[in-house]
Amino acid sequence: MGRRTPDGFGSVDRYGFRYRPLRTWPGDRRRQFADGQFRRSLDETLADLFDTLRHISGRNVVIEVDVPPEDFRVDGSPRARATVGYPGVIVSADTRFGPKSYPSDKYRIWHHNVRAVVLHLEALRAVGRHEVGESDAQYGGNARLPHDAGVAAGSDTTRTEADARVVLVRLAGLTTAKLPSELKGVVRRARARCHPDRNNGDPSLWKQLEDAIVTVERHYGVRL
């Protein structure tokens, strides 16, 4: 049986997942959502999430969801048909690769976005089984990718600081920016726009961004 706080939030369900209100979203919020063609129920999705996170030693799992306290079930989890203000969810956990955060807001129903996180993690696990690329780097989530992973293929355009600045401004969707004074804001905006979850799972823009960030960090001696 789940344990609940008086206001419903901070609830812990039978899987040990803690629920918190979704207060902020990394990037612009969607205005249009897709209809998920998922057949798995909410309970099945949460069970699958538990199993998937177990493979990366996930603990202290927090699911941020825009659900009012009265729509939480007795076991501590939100009802499948709970009223939501915004369907996006953010699943965060401490893993053996460090703290990770996985936002998902493609679908109209909130637990379909949880299902999307499950499928994303299952796909990353499949990549790891075949040992393609950097070991465990696929579990990046919203955390930083390794700084010393080397220069990615096709990234020659960001070998100099000047080129890296051009890439950062372009990926942030800007035409100009005052660097280095606005550097952190530009990087934050670029990360929101380039995350694979906002680009149909395509990591190419994210890789360009990270390569440019490494170059700029080395030039200015900062961590972003």
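**Notebook: aromatic pairs, phi outliers, strands and a helix**

I began with Phe50, which is partly exposed at a relative accessible area of 38%. I call a residue buried under 20% relative accessible area, exposed over 50% and partly exposed in between, with a 1.4 Å probe and protein chains only.

I note that this is a predicted model, in which local features need pLDDT of at least 70 and side-chain atom pairs count only at pLDDT 80 or more, while totals for chains, interfaces and linings use all residues. Residues are numbered from 1 along each chain as its sequence is written, and side-chain values use heavy atoms, with hydrogens and water left out.

**Aromatic pairs**

I searched the whole structure and got 6 aromatic pairs. Rings of Phe, Tyr and Trp (its six-membered ring) pair if their centres lie within 6.5 Å; planes under 30 degrees apart are stacked, over 60 edge-to-face, and the rest tilted. The Tyr15 and Phe50 rings have centres 5.7 Å apart and planes at 40°, so I logged this pair as tilted. Tyr15 is in the segment before β1 (18–21) and Phe50 is in helix α1 (residues 42–54), so the pair ties together parts 35 residues apart in sequence. For element names, helices (H or I, at least four residues) and strands (E, at least two) are DSSP runs numbered from the N terminus. Phe17 joins Tyr15 and Phe50 in one aromatic cluster.

Next I took Phe33 and Tyr86, whose ring centres are 5.6 Å apart with planes at 70°, so the pair is edge-to-face. Phe33 is in the loop between β1 and α1, and Tyr86 is in the loop between β2 (59–65) and β3 (89–95), 53 residues away. Both are buried. I also found the charged end of Arg29 over the ring of Tyr86, 4.6 Å from its centre. The criterion is NZ of Lys or CZ of Arg within 6 Å of the ring centre and within 35 degrees of the ring normal.

**Tyr107**

I looked up Tyr107 in the loop between β4 (98–104) and α2 (110–129). Tyr107 is buried at 14% relative accessibility. Leaving out residues up to four places away in sequence, its contacts (heavy atoms within 4.5 Å) include Phe33, Phe38, Pro87 and His112. The C-alpha atoms of Tyr107 and Pro87 are 7.1 Å apart, with the two positions 20 residues apart along the chain.

**Positive phi**

Most residues other than glycine have a negative phi. I noted Ser57 with phi near 55°, in the loop between α1 and β2. Ser57 is partly exposed at 36%. Asn60 has a positive phi of about 50°, lies in strand β2 and is exposed at 55%.

**Strands β1 and β2**

I read the side chains of β1 as alternating: Tyr19 and Pro21 are buried on one face, whereas Arg18 and Arg20 point to the other and are not buried. β1 and β2 run parallel and are joined by 4 bridges; pairing requires at least two DSSP bridges. Tyr19 has Ile63 as its bridge partner in β2. The β-α-β crossover from β1 through α1 to β2 is left-handed. Right-handed would be a clockwise path from the first strand over the helix to the second, with the strands pointing away from the viewer.

**Helix α4**

I checked the span of α4 (residues 183–194): its 12 residues should cover 16 Å, and the end C-alpha atoms are 16 Å apart, which agrees. The expected value is 1.5 Å times one less than the number of residues. Buried residues of α4 include Leu183, Val186, Val187 and Ala190. Among the elements covering the buried residues of α4 are α3 (161–171) and α5 (204–220).
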